[in-house]
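Subject: Structure for your review

Dear colleague,

Please find below the sequence and structure that I am handing over to you. A short account of the findings follows, with salt bridges as the topic.

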Amino acid sequence: MTTPARPAAPAWSSLTGRRVLDLSRLLPGPYATSLLADLGADVIKVESPGTGDPLRIAPELFEALNRNKRSITLDLRDEDGRNTFLDLVRTADAVVESFRPGVLDGMGLGPATLHEANPRLVVCSLSGYGQSGPYAQKPGHELNFLGLSGFFAVPGRLDGEITRPGVRIGDMAGAMHAALALTAALGAGTDTGGQHIDVSLSESITAWCSLFALPLRDLPDPLEAGLVQGDNDVFTTADGRRLSLATFEDKFWYRFRTGLAADFPALDTPAYDRRAARTAARQAVSDLLRGVFRARDHAWWQERLDGLGAPWAPVLTTPAELLADPHTTARRLFDTPAGPAACPQARFPVTFGAGLDTFRTPAPALGEHTREVLGAERPAPGRSQRGD
């Protein structure tokens, strides 16, 4: 029986054919390189023999972060492993690493050594606080970066309370900046020579949050800035479901309140027709809307709000609702590339006119491609989890 051909990397992508050696592990680095791999880069995941990336203990997350990659095992603390890695560096376009600053230097594989082996190499280092500064050697994780970012200076609720998001945005922001920086550097060609990209996870999320935090610097009460509004919120319907309403613009508020005034006479007032007025009276507007939405069930609101062309959406609170949403279904955002019973994955969330097949190959077993990458004559340092 003939094995079906694997989908090819996109021929149109500037990343296709670029070789990236990925020394990173856990979330930020692997997410950055997964974006490159989705777009065609040949990402070779270099893992320690026997253990590999610690995220392998969470197989569903590992699968999503490491599709379209190859895995080899090398002991970089061993002289033979380091020499083999330097041989690979000579064939590569980029190296991505997420060790604490100085660790690679201590192993004899710092940026200077890597550039000596390959002067055109792009080295991307992801660390908590960057390669320099008083925090450079501090250990840290996503919550630490979020705490330093200004995130907790920007209120998101009428009571001013700010809670930590469940999604690890403190890591993801750095990963996306790393992927963007690598794409720009690799797109520069070889004439400019190699360089070292220093990505601070803390700085990346701070750059996002500062856009909203810094304008609050002279306000004694952050709520005065108007970022929290009574009509841009999540509301509960009569049957206990939730929906979001975002009548930020005056035209949407006017359409909403005039279209529903017959059912809810309390909305029949021009008092809040201007954005500034709604913001100033945010608590009164919030109380009004909470009472209005509690009066009807979700299905009633869906029909009426769609009919009014209101900026609203259901609030999805379970993975099942996310997978069943008609819009994500129509746009084929999710698939189960490993089989119908496997955990779904989101495709690369951009549609290209030239086409992109996100799900080309599954995440590799530990050391699965060691012989393929290093040569069949070299014994594989690690044993494949699939028995290859």
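Arg275 has a relative accessible area of 14%, and it therefore counts as buried, the cut-off being under 20%. Please note that the model is a predicted one.

Asp231 is likewise buried, at 0% relative accessibility. These two residues, Arg275 and Asp231, form a salt bridge in which the closest N and O atoms are 2.8 Å apart. Arg275 belongs to helix α10 (residues 275-280), whereas Asp231 sits in the loop between α8 (201-213) and β7 (232-236), so the salt bridge ties together parts that are 44 residues apart in sequence.

A further pair is Arg257 and Asp273, whose side chains meet in a salt bridge with an N to O distance of 2.7 Å. Arg257 lies in helix α9 (residues 250-260) and Asp273 in the loop between α9 and α10, so this pair links parts that are 16 residues apart in sequence. Both Arg257 and Asp273 are buried.

Some salt bridges share partners, and through them Asp231, Asp250, Arg274, Arg275 and Arg278 are joined into one network.

Another salt bridge connects the side chains of Arg56 and Glu47, at 2.7 Å from N to O. Arg56 counts as buried, with 14% relative accessibility, and Glu47 is buried with a relative accessible area of 4%.

In total, the structure holds 21 salt bridges, including the pairs described above.

With kind regards

Note on methods
Residues numbered from 1 in each chain as written. Predicted model: local features only at pLDDT ≥ 70, side-chain atom pairs only at ≥ 80, totals over all residues. Heavy atoms only, no water. Salt bridge = Lys/Arg side-chain N within 4 Å of Asp/Glu carboxyl O. Buried < 20%, exposed > 50% of the residue type's maximum accessible area, 1.4 Å probe, protein only. Helix = DSSP H or I, 4+ residues; strand = E, 2+ residues; numbered from the N terminus.
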